[in-house]
Each structure stands twice: as structure tokens, then as C-alpha cells.
Amino acid sequence: MDTAREQRILKFSIGVTVAVSATGFIGGLLVGSQAILFDGVYSLVDVALTLVALAVLRLLGREGSPRFQYGYWHLEPMVEALGGAILALACIYALANSIIGVTTGGHVIRAGPALMWATLLCVSNLGMAAFVRVHAARLSSPLLWLDVRAWLLSGMMSLAVVLAFALALLLEDGDHAHWIPFLDPLVLAIISLAVLPVPLRGAWKAMREVLQVAPDTLDARVQAVMTQFVAEHGYLGFTSHVAKMGRMRFVEIHILTHPDTVIGTIGSVDALRDDIAERLDARGSEFWLTIDFTADPAWT
């Protein structure tokens with residue numbers, strides 16, 4: 001499988017992520033904003049995850065090895081699960097910091113400069129999310145979609161910070177100016193709680209693949225096709241097993257026949273397999289399809 005284009009997109013994403021992370025760190029320290037600093041930390045974590053994703057893409061482009069004879073497909077959901085778990089922990093850590101900030105009276109921020117830094121981060125993050133999304137959809141790449149989610153989450157965090165600091169500027173010299181020190185930790189808390197479900201859902205979905213939980217859609221499709229196929233040819237029945245690991249789908253089908261059933265030549269059997277593959281639309285490189293015929297129920 002050719003993953004060169006995906007690798008190029010991820011390399012570009014890594015370079016931009018490093019720049020955004022540095023901007024978040026510097027901006028957060030200069031204006032005294034934990035929310036902007038968290039955006040930088042989040043981007044730094046994303047750099048590490050994207051580097052891992054890039055390494056996995058290089059492995060996916062290779063053939064299986066004597067040690068990994070089924071290929072490296074299982075690494076893709078493992079990276080997604082790890083990434084989701086790490087980003088979720090980052091959100092929980094930020095939430096804890098925000099609670100400490102609120103309970104200790106908040107802190108003073110430079111709202112004007114903070115607004116400029118946050119706007120720069122917001123535009124960069126959302127722009128990259130849109131850019132990578134186009135390529136993720138075109139290449140049907142789960143790892144690029146993981147990168148899209150990371151950019152989008154960063155962009156939404158930055159947007160929330162922009163709105164908070166714009167509100168801080170409006171409250172200056174007003175009757176509610178005493179709330180300004182609490183805005184930064186409150187926004188950080190809101191961002192953490194809002195973002196947390198996204199990496200948790202991604203980690204849960206990926207863990208289902210790691211644990212080889214049968215995907216409902218693929219299972220139902222195989223059941224429908226094989227029920228019709230068995231009825232058309234008068235076979236006794238079938239059993240099937242399906243799993244999804246990253247972009248690879250594994251389908252194993254055992255067809256039970258009468259002991260005296262005559263299927264024909266090897267070419268005839270291959271034609272039956274081809275018919276099933278066509279009905280399942282499983283001719284692409286993303287399918288690992290195994291079909292056998294037997295008259296012994298013990299083999300099904």
C-alpha cells in the first residue's frame with residue numbers, strides 16, 4: 001500500500017504543529033494565560049502522536065514480515081487508542097489546574113496581547129484542520145483523520161480563548177471587572193470539559209478494533225450476502241468471522257455443503273469465491289478475505 005502522500009501531509013503537519021506549539025508556549029508565558037499555555041502543551045503532545053503515526057504509516061507501506069505475517073495493520077488502531085488516551089489525560093490535567101486557579105482567586109492576564117496571541121493560534125489551528133481534512137477525505141486515512149481531530153480541537157480551544165479575552169476587554173473599567181482574573185481558569189475548565197469526550201470517544205472506538213470487536217456494519221453485510229449465496233446454491237449453511245484493524249478488514253467464511261456435493265474443478269471453486277468477493281465488494285487491498293468449502297461441521 002502506497003502511503004507516501006499521507007506521510008508528506010503528516011510531515012507538513014508536524015512542522016506547523018511545532019510552530020504552533022512554540023507560539024502557544026511563548027504567548028502563554030508572556031501574557032500570563034494558562035489557557036493559551038495549555039493550547040501549546042496540547043499541540044506539543046500532538047507532535048509526539050503525529051510522529052508515531054508517521055512511523056506507523058511507513059510500516060503500513062511494507063509487506064508483512066516473518067514476525068508480523070498479517071502485516072502491521074494492528075498498529076493503526078493502537079496509535080489511535082494511545083493518542084486518545086494521552087489527549088484525554090491532558091484535558092484532565094488542564095481541568096485540575098483550572099480548578100486550582102479558580103479556588104485560589106484567579107490571576108491577572110494582559111487581555112489585549114492575549115487576544116492577539118489567541119487569534120493567531122485559532123486561525124492557524126482551524127486552517128490546518130481544513131487543510132488536512134481535505135487530504136484525509138481524499139485518501140480515506142484514519143491517521144490523517146486523527147490529525148484533523150487534533151487540529152480541530154486545538155482550534156476550538158483557541159476560539160474559546162479568543163471569546164474569553166474579548167469579554168475581558170469589554171469588562172475592563174466596568175462594574176464586573178473583578179471577574180476578569182477568573183476568566184482564564186474558567187475558560188480553561190470549560191475547554192477541558194468540552195474537549196474531553198472527543199479523545200475518549202476516539203480511544204474507545206480504536207480499542208474496539210484492538211480487541212477485535214466485530215464491526216456491526218461489516219458483519220451484517222457478510223451475513224446478508226452469504227445467506228443469499230447459500231440459498232441460491234443449495235448449501236447447508238455457513239459461518240463467518242469479521243474484524244477491522246485500522247483500514248484493513250478481515251473476513252473469514254466457511255461454507256457447509258453436503259458430503260456428496262460436487263463443486264467442480266479448482267477453477268469452479270475460485271469462480272464461486274470471486275462471486276462472493278464481488279458481492280461483498282471485497283476486491284480491494286483493504287480486505288483480507290478467506291473462503292473455504294467443507295462437508296464437515298467441525299471445520300466451520
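Me: OK, so strands count as paired once DSSP finds at least two bridges between them. How many bridges join S1 to S2 here?

Reply: Nine, in this predicted model. S1 covers residues 237-245, S2 covers residues 248-256, and the two run antiparallel.

Me: What do S1 and S2 form, and how many residues sit between them?

Reply: They make a hairpin, with two residues between the strands. Gly 246 is in the turn and has a positive phi of about 65°.

Me: Got a bridge pair I can click on? Which residue in S2 is the partner of Ala 243?

Reply: Phe 250 is the bridge partner of Ala 243.

Me: Switching to helices. How many residues does H5 have, and how far does it reach?

Reply: H5 has 30 residues and spans 44 Å from first C-alpha to last. That is close to the 44 Å expected at 1.5 Å a residue.

Me: And what caps its N-terminal end?

Reply: Ser 141 does: one of its side-chain oxygens lies 3.1 Å from the backbone nitrogen of Leu 144. After H5 comes Asp 173, with a positive phi near 65°.

Me: What about H1, how far does that one reach?

Reply: H1 takes in residues 4-31, so 28 residues as DSSP runs go, and reaches 40 Å between its end C-alphas, close to the 40 Å expected. Gly 32, just after H1, has a positive phi of about 70°.

Me: Back to phi. Where is Ser 140, and what is its phi?

Reply: Ser 140 is in the loop between H4 (111-139) and H5 (142-171). Its phi is near 50°, positive although the residue is not glycine. Most residues other than glycine have a negative phi.

Me: Why does Ser 140 count as exposed?

Reply: Because its relative accessibility is 53%, and the cut-off for exposed is over 50%.

Me: Where's Asp 281, and is it buried or exposed?

Reply: Asp 281 is in the loop between helix H9 (266-280) and strand S3 (287-294). It is exposed because its relative accessible area is 55%, over the 50% cut-off. Its phi is positive too, near 55°.

Me: New topic: which residues form the nonpolar patch on the surface?

Reply: Met 78, Met 207, Val 210, Leu 211 and Val 213, with about 400 Å² of accessible area together.

Me: Where does Met 78 lie, and why is it only called partly exposed?

Reply: Met 78 is in helix H3, residues 75-103. Its relative accessible area is 40%, so it counts as partly exposed: that category runs between the 20% and 50% cut-offs.

Terms used. Residues numbered from 1 in each chain as written. Predicted model: local features only at pLDDT ≥ 70, side-chain atom pairs only at ≥ 80, totals over all residues. Heavy atoms only, no water. Helix = DSSP H or I, 4+ residues; strand = E, 2+ residues; numbered from the N terminus. Buried < 20%, exposed > 50% of the residue type's maximum accessible area, 1.4 Å probe, protein only. Expected span 1.5 Å × (residues − 1). Polar contact = N/O pair within 3.5 Å; in protein donor to acceptor, adjacent residues only side chain to side chain. Patch = residues over 30% accessible without salt bridge, like charges linked within 9 Å, V, L, I, M, F, W, Y side chains within 5 Å. Areas by Shrake-Rupley, 256 points an atom, 1.4 Å probe, with all protein chains shown as cover. Salt bridge = Lys/Arg side-chain N within 4 Å of Asp/Glu carboxyl O.
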